[in-house]
Amino acid sequence: MPAGALLIGAFRTQEGEFTTRFFKNIFKGTSLDAYVKSVEISLITAALGGLLGFLMAYAALSAGAPRFIRPVLTTFSGVAANFGGVPLAFAFISTLGTVGLATRALDKLGLNPYDHGFTLFGFWGLVVTYLYFQIPLMILVIAPAIDGLKTEWRESASNLGATSTQYWRYVGLPVLLPSILGSMVLLFGGSFAAYATAYALTSGHIGLVPLKIGELISGNVLSDPHQAYALAFGMVIVISVAMVIYYVLDRRASRWRRTAQ
Amino acid sequence: MRGMPRSGWFWLVVGGLYFFVPLAATAEFSLKEGDAYSFGPYKEIFNDPQFRDTFFLSLKLAVATIIVSLLLFIPTVYWVHLRLPRLRTAVQFLSALPFVVPPIVLIVGLLYVYNYQWVPSSYLGSPYYLVPGYVVLSFPFMFFALDNAFRAIDVHTLTEASQSLGAGWSRTLWRVILPNISAGAIAGAFLTFALVMGEFTMASLALFNTFPTYINYIGQTKANPAAALTIISFGITWLALLGILMVGRRPGRGAVQVGGAR
């Protein structure tokens with residue numbers, strides 16, 4: 001048996017335990033709110049991170065780019081994608097917190113973000129922070145797909161008289177779309193699962209599912225481990241759905257990978 | 001050949017700023033004591049015995065995790081490549097998904113499993129309690145690194161050659177296969193190292209004081225030393241990734257992969 005199945009079985013044991021009461025609670029009140037908020041934030045960061053990451057990766061990996069850019073970009077992306085958790089939250093507090101460097105700079109320009117309803121410790125602050133690992137993650141996952149885009153395709157398209165827009169509309173996007181969407185699903189999973197950054201940034205006050213689970217399990221006033229198991233199981237369901245989507249998209253994407261190799 | 005379009009440069013500059021501004025801001029913040037610049041915050045951190053304790057605890061956990069996951073995954077990946085090539089897709093699917101197991105779900109599951117009577121209580125009080133969870137988290141990183149390394153060598157020929165010369169399984173694995181995949185194993189080890197050194201979720205919910213929970217604790221009490229710790233932690237991530245680059249290009253595209261536990 002592959003070790004993976006065995007290890008994943010280890011966290012499945014919780015399933016046996018819950019009664020439907022806890023499971024039904026998921027769909028009520030604050031629990032439901034937490035899922036909605038978690039899904040919202042994950043969708044937004046996946047879409048934004050995916051789009052920006054793709055644009056950067058395409059700029060750096062396309063035929064015209066200088067050679068030195070590629071290794072620089074992938075190395076930096078590797079670092080940024082692996083830099084997360086609590087330190088990431090502090091880095092953004094130093095930057096966009098009430099007295100952060102960027103906040104002060106913007107303030108001098110008369111554009112203090114805090115005067116315009118922005119706060120680092122709320123929903124959009126979290127989005128900005130998550131993008132710090134979402135964008136590089138996208139760059140890393142999408143790079144092979146961009147490499148698979150043959151220059152011949154572009155050349156034949158323009159030989160046949162296609163404009164750049166037409167090339168993207170009929171060749172580039174159809175080939176890349178499954179990969180782009182698939183990568184976005186991975187990004188979705190990444191921010192759906194994130195706990196430490198949100199915890200450190202908002203002191204646990206923003207109602208995301210992982211934070212709620214943490215609250216229920218860590219033995220504070222609200223301690224209710226069985227509800228936590230049910231919420232965790234709900235997360236597994238959401239992630240499983242995302243993974244099925246990923247699998248389908250990946251199969252479509254691999255059609256082109258096979259011919260490209 | 002066309003040059004890079006201006007929009008391309010634009011996006012790269014945006015990306016670069018996004019990468020560097022938070023670091024610069026943190027670095028500036030970490031060098032402040034009141035209004036003057038100094039290394040005070042760093043000194044404060046290095047003189048804190050708790051820093052040393054938590055740092056070395058995380059270090060020990062990282063080493064333990066690396067050892068366990070190498071022992072577990074090298075033979076597994078070897079076996080899959082040698083005997084069960086069809087399972088490779090399945091295993092790859094399992095591991096392509098570093099996020100299938102959100103750390104929060106994992107620790108909830110582990111806490112639940114550990115509720116059973118058969119787990120000795122001395123083990124429960126020890127921080128090594130976290131190692132099985134970390135091994136699961138490290139699986140995708142290890143798998144990608146090892147899988148790439150195994151793909152680059154001819155497993156069948158090497159194994160047959162070794163066995164026809166009279167070597168047993170363990171000898172083949174240790175003396176023939178291992179030297180050939182060491183670059184992949186080292187890359188996986190570095191990624192696992194970065195992972196464990198930054199893992200907060202599981203440690204904090206299991207109530208152990210590791211390096212990341214220490215960073216969080218400092219963050220709630222002292223702002224400038226927290227920024228210093230952030231820079232230190234960033235340095236660790238850099239070192240780990242530089243380490244991977246140093247062991248060579250062998251691991252290939254799958255190696256510097258996707259971040260994990262946040």
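Here is a guided walk through the two chains of this structure, which is a predicted model.

Let us begin with chain A. Its secondary structure consists of twelve helices and zero strands, so-called α elements following one after another from the N terminus on. Chain A has 261 residues, and 46% of them are buried. Where contacts in chain A have a separation of 6 or more, 76% are between residues 24 or more positions apart.

Chain B also brings helices, and here strands join in: there are twelve helices and two strands. Along the sequence, the two strands come after one helix and are followed by the remaining helices, in the pattern α-β-β-α-α-α-α-α-α-α-α-α-α-α. Chain B has 262 residues, of which 48% count as buried. For contacts between residues at least 6 apart in sequence, 81% in chain B join residues at least 24 apart.

With both chains introduced, we can look at how helices pack. Two packed helices are described by the angle between their axes and the distance between the axes. A good place to try this out is helix 3 of chain A and its partner, helix 9 (residues 164-193) of chain A. Their axes come within 8 Å and cross at roughly 135 degrees. That angle makes helix 3 of chain A oblique to helix 9 of chain A, and the crossing is right-handed. From helix 3 of chain A, the residues taking part include A:Ser38, A:Ile41, A:Ala46, A:Gly50 and A:Phe54. Among those they meet in helix 9 of chain A are A:Ile180, A:Met184, A:Phe188 and A:Phe192. By class, the residues of this contact divide into ten nonpolar, seven polar and no charged.

A:Phe188 also leads us to helix 12 (residues 225-260) of chain A, where A:Ile239 lies. A:Ile239 and A:Phe188 are 51 residues apart in sequence, and their C-alpha atoms are 8.9 Å apart in space. Is A:Ile239 buried or exposed? It counts as buried because it has 21 C-beta neighbours inside 10 Å, where 20 or more are needed.

Next comes helix 5 (residues 85-96) of chain A, which has a partner in each chain. Within chain A, the axes of helix 5 and helix 6 (residues 101-108) come within 3 Å and cross at roughly 20 degrees. Helix 5 of chain A and helix 6 of chain A are therefore roughly parallel to each other. In this contact A:Ser94, A:Thr95 and A:Leu96 of helix 5 meet A:Leu101, A:Ala102 and A:Thr103 of helix 6. Three of these residues are nonpolar, three are polar and none is charged.

Across the chains, the axes of helix 5 of chain A and helix 12 (residues 223-246) of chain B come within 9 Å and cross at roughly 125 degrees. These two helices are therefore oblique to each other, and their crossing is left-handed. Helix 5 of chain A contributes A:Pro87, A:Phe90, A:Ala91 and A:Ser94, while helix 12 of chain B contributes B:Ala226, B:Ala227, B:Thr230, B:Ser233 and B:Phe234. Six residues of the contact are nonpolar, three are polar and none is charged.

Helix 4 (residues 69-82) of chain A also packs against both chains. Its 14 residues should span 20 Å at 1.5 Å a residue, and its end C-alpha atoms are indeed 20 Å apart. Its buried residues include A:Leu73, A:Ser77, A:Val79 and A:Asn82. The buried residues of helix 4 pack against helix 3 and helix 7 of chain A, together with helix 1, helix 9 and helix 12 of chain B.

We finish with helix 11 in each chain. Helix 11 (residues 211-221) of chain B has eight of its eleven residues buried, so it is largely enclosed by the rest of the structure. Among the buried ones are B:Phe211, B:Tyr214, B:Ile215 and B:Ile218. Their packing partners include helix 5 and helix 10 of chain A, as well as helix 3 and helix 12 of chain B.

In chain A, helix 11 (residues 209-217) holds A:Leu211. A:Leu211 counts as buried, with 22 C-beta neighbours inside 10 Å. Leaving aside residues up to four places away in sequence, A:Leu211 touches A:Tyr195, A:Ala198, A:Tyr199, A:Gly204 and A:Ile206. A:Leu211 and A:Tyr35 are 176 residues apart in sequence, yet 11 Å apart in space, C-alpha to C-alpha.

Methods. Residues are numbered from 1 along each chain as its sequence is written. Chains are lettered from A and ligands numbered from 1 in the order in which they are written. This is a predicted model: local features need pLDDT of at least 70, side-chain atom pairs count only at pLDDT 80 or more; totals for chains, interfaces and linings use all residues. Helices (H or I, at least four residues) and strands (E, at least two) are DSSP runs, numbered from the N terminus. A residue is buried if 20 or more other C-beta atoms lie within 10 Å of its own, exposed if 12 or fewer, and partly exposed in between; C-beta atoms are placed from the backbone. Two residues are in contact if their C-beta atoms, placed from the backbone, lie within 7 Å. Axes are lines fitted to C-alpha atoms, for helices over the stretch in contact, and angles run from 0 to 180 degrees between N-to-C directions. Angles under 35 degrees count as roughly parallel, over 145 as roughly antiparallel, 65 to 115 as roughly perpendicular and the rest as oblique. A crossing is left-handed if the near helix is turned anticlockwise from the far one by less than a right angle, and right-handed if clockwise. Ala, Val, Leu, Ile, Met, Phe, Trp, Tyr, Cys and Pro count as nonpolar, Asp, Glu, Lys and Arg as charged, and the others, Gly among them, as polar. The expected span of a helix is 1.5 Å times one less than its number of residues.
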